[in-house]
Amino acid sequence: PLLARAGACRDTLISGGGPGSEFTGWLSLSDGSDPAELERIESTAAKIRDTAELLVVVGIGGSFMGAKSAIEFLPAAPGAPEVLFAGNSLSPDALARVLDACADRDVCVNVISKSGTTTEPAVAFRIFRAALEAKYGKAEAAKRIYATTDRHKGALKTLADAEGYETFVVPDDVGGRYSVLTAVGLLPIAVTGIDIQQLMEGAADARAAFQTPGMDNPVWQYAAARNALYQAGKKIEILGCYDSAFRFMAEWWKQLYGESEGKESKGIFPASVEFTADLHSMGQYIQEGERMLFETIVNFEQPRGQVLVPGDKDNLDGLNFLTGKDLKFLCEQARLGTRLAHVDGGVPNLTIQVAKADAYHVGGLLYFFELACGLSGYVLGVNPFDQPGVEAYKKNMFALLGKPGYEELGETLRKRL
């Protein structure tokens, strides 16, 4: 029944007839309709590589998660600038570390914000803008600042036009957590030398493959399976991978699913693990703790290289039986053994098979998760494209900071505290 519901919800999603449909422009981002913009992104990325040793990306939420996930997972080109992220917290120590890294290197800044007024990135951008102007002078600093923002309006767009920053667009019909395949994610990714043409081609091919209706569609299978498990009392989904570089891909996934489904007192709680490392920490809980969770494991079938286990004449560790074996073989047996153990312990397991850990297949995986998320949200019965709950903390924070207009709330909150 859930597969049938997934089919009906897929029709709703594709036709634009469901709640939040005004934010589903990401569905067709990979159709190649604007090759000139992709070329401009690549050209600007090449200019940054020629100009800077370090790119600071200022943004929060979807304005940095997607880019960071791809940059951490995919190898950068030799000699590419380092990419650091700021404006995703209010930690003075975190920001100071990035400022320290900028001190003796040539720097460019990519500030990403649709409005330009979100507190964390707006504060960080003030600081980095002042630092660049002090280091290079106002005119040169303007050449080193790139703004990804609204096409027509907002504080950042107004500033960018006034100062002459090169700008890129956050599309009106794409929410932040679905924006990795726009300039929001593509410009920082391209600066590292990752092939964004391949990334987009992978997404385009995934889009074509996943349009086929029926029970063999893996997007339908994933959306239906996780909702069936949720109905059976499995309230937590743990995303795992046996590649440690996947860690921030999981962080991106957590925002995508948590912000899309966690509303109306519904939703699977998204968590993540890094295997095999977390088998020595979280493994005990997964095996024998509260039985309200299930696992989804992303498995990349073909590694980037081969590493063989050497022999040892003394064999003190007792591992000579592994001599000559590829580390990929060891990892695969650990994955299969863990899956059996966890299923035996009452933890259902889903596996997402990906052929290779390269830009093309990562593009397809990103699109898979986005499409499955929109579909799963509709199956759950929520709007997967809004996030009304994120405003609650902001009101309290503004009141406690003394923002004009929040004086009465600020007084009430201080009494409560």
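**Exercise 1.** Which strands and helices do the buried residues of H3 pack against?

*Solution.* Begin with the helix itself in this predicted model: H3 spans residues 65–73, and 8 of its 9 residues are buried, so it is largely enclosed by the rest of the structure. Next, list those buried residues, which are Met 65, Gly 66, Ala 67, Lys 68, Ser 69, Ala 70, Ile 71 and Phe 73. Finally, look for their partners, taking heavy atoms within 4.5 Å as a contact: the buried residues of H3 pack against strands S2 (82–86) and S8 (293–302), and also against helices H8 (183–191), H11 (247–261) and H14 (359–380).

**Exercise 2.** Work out why the radius of gyration of the chain agrees with that of a compact globule.

*Solution.* Start from the 417 residues, for which a compact globule would have a radius of gyration near 22 Å; the chain has 23 Å, which agrees. Then set beside this the box filled by the C-alpha atoms, roughly 65 × 55 × 50 Å along the principal axes. As a further step, consider the contacts between residues at least 6 apart in sequence, of which 77% join residues at least 24 apart. Buried residues, for their part, make up 47% of the 417.

**Exercise 3.** Describe the surface and the charges of the chain.

*Solution.* The accessible surface comes to about 19,300 Å², and 55% of this area belongs to carbon and sulfur atoms. Turning to the charges, count 41 positive and 53 negative side chains, and then locate the centres of the two sets, which lie 4 Å apart.

How values were computed
Residues numbered from 1 in each chain as written. Predicted model: local features only at pLDDT ≥ 70, side-chain atom pairs only at ≥ 80, totals over all residues. Heavy atoms only, no water. Rg over C-alpha atoms; globule rule 2.2 N^0.38 Å. Buried < 20%, exposed > 50% of the residue type's maximum accessible area, 1.4 Å probe, protein only. Areas by Shrake-Rupley, 256 points an atom, 1.4 Å probe, with all protein chains shown as cover. Lys, Arg positive; Asp, Glu negative; His and termini not counted. Charge placed at Lys NZ, Arg CZ, Asp CG, Glu CD. Helix = DSSP H or I, 4+ residues; strand = E, 2+ residues; numbered from the N terminus.
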